[in-house]
Amino acid sequence: MSKIETIKQAIMADPQNKEYTDKGIEPLFAAPKTARINIIGQAPGMKTEAAGLYWKDKSGDRLREWLGVDEDTFYNSGLFAVIPMDFYFPGHGKSGDLPPRKGFAEKWHQPILELLPDIKLTILIGQYAQKYYLHQTGNIKLTETVQRYKDYLPDFFPLVHPSPRNQIWMAKNPWFEAEVVPELQALVQKIIHQ
């Protein structure tokens, strides 16, 4: 059994994930050892969990547009790792999906990242990933973090979530698609063609 498969089995055996394992739901993440770009988002949505494939929804379509890659490159090239803050759909809340469970990333991210020696860039999608990986404390606004993306390069690139629910944010912040997305696409192309 490979090291990544051993970790996957440990995740499924963890009592914290018993409810999912009992239903036959496997953790949704990808960690090919050849990955150069790591995408850390919030948690799988209900549709992606049902499909058994991360970012297989409208949010994923938009994310791939922002990255400037097609589905085949995203899923089959071995260049992208996808390690969300929680590998399972956390349920519905009042205004969308519930946040990722506390303590999940702390327990599982590091053992997986140790198996990915060629990561050149980690894309942090949403406030949970940004607060955790950028060690943010206090009331830092996501918009401010995304605007200051150059401050976190070359290791990290913070993004807003590509959900269709963020249409209002996109309309209020036209600089994002005008300036940030082209920079991200250029960086992704440079990394995947090295």
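Two strands are said to pair if DSSP finds at least two bridges between them. The exercises below concern a predicted model.

**Exercise 1. Strands S5 and S6**

Determine in which sense strands S5 and S6 pair, and which residues of S6 are buried on its two faces.

Solution. Begin with the bridges: S5 (residues 121–125) and S6 pair over four of them, in the parallel sense. Next, locate one position in this pairing: Ile123 stands opposite Phe157 in S6. Then consider the side chains. In a regular strand they alternate between the two faces of the sheet. In S6 (residues 156–159), Phe156 and Pro158 lie on one side, with Phe157 and Leu159 on the other. These four residues are all buried, and both faces of the strand are thus covered.

**Exercise 2. Helix H4**

Explain why helix H4 is described as largely enclosed, and describe what is found at its start and after it.

Solution. Apply the cut-off for burial, under 20% relative accessible area. Seven of the 10 residues of H4 (residues 58–67) are buried, so the helix is largely enclosed by the rest of the structure. The buried residues are Ser59, Gly60, Arg62, Leu63, Arg64, Trp66 and Leu67. At the start of H4, Asp57 places a side-chain oxygen within 3.3 Å of the backbone nitrogen of Ser59. After H4 comes Gly68, with a positive phi near 75°.

**Exercise 3. Helix H10**

State what span H10 reaches and where the helix bends.

Solution. H10 (residues 175–192) contains 18 residues; its first and last C-alpha atoms are 25 Å apart, close to the expected 26 Å. The helix bends by about 30° at Val181, and Pro182 follows within four residues. Val181 is itself buried, as are other residues including Trp175, Leu184 and Ile192.

Technical notes:
Residues are numbered from 1 along each chain as its sequence is written. This is a predicted model: local features need pLDDT of at least 70, side-chain atom pairs count only at pLDDT 80 or more; totals for chains, interfaces and linings use all residues. Side-chain values use heavy atoms; hydrogens and water are left out. Buried means under 20% relative accessible area, exposed over 50%, partly exposed in between (1.4 Å probe, protein chains only). A polar contact is a pair of N or O atoms within 3.5 Å; within protein, one must be able to donate a hydrogen and the other to accept it, and residues adjacent in sequence count only if both atoms are side-chain atoms. The expected span of a helix is 1.5 Å times one less than its number of residues. The bend at a residue is the angle between axes fitted to the seven residues ending there and the seven starting there.
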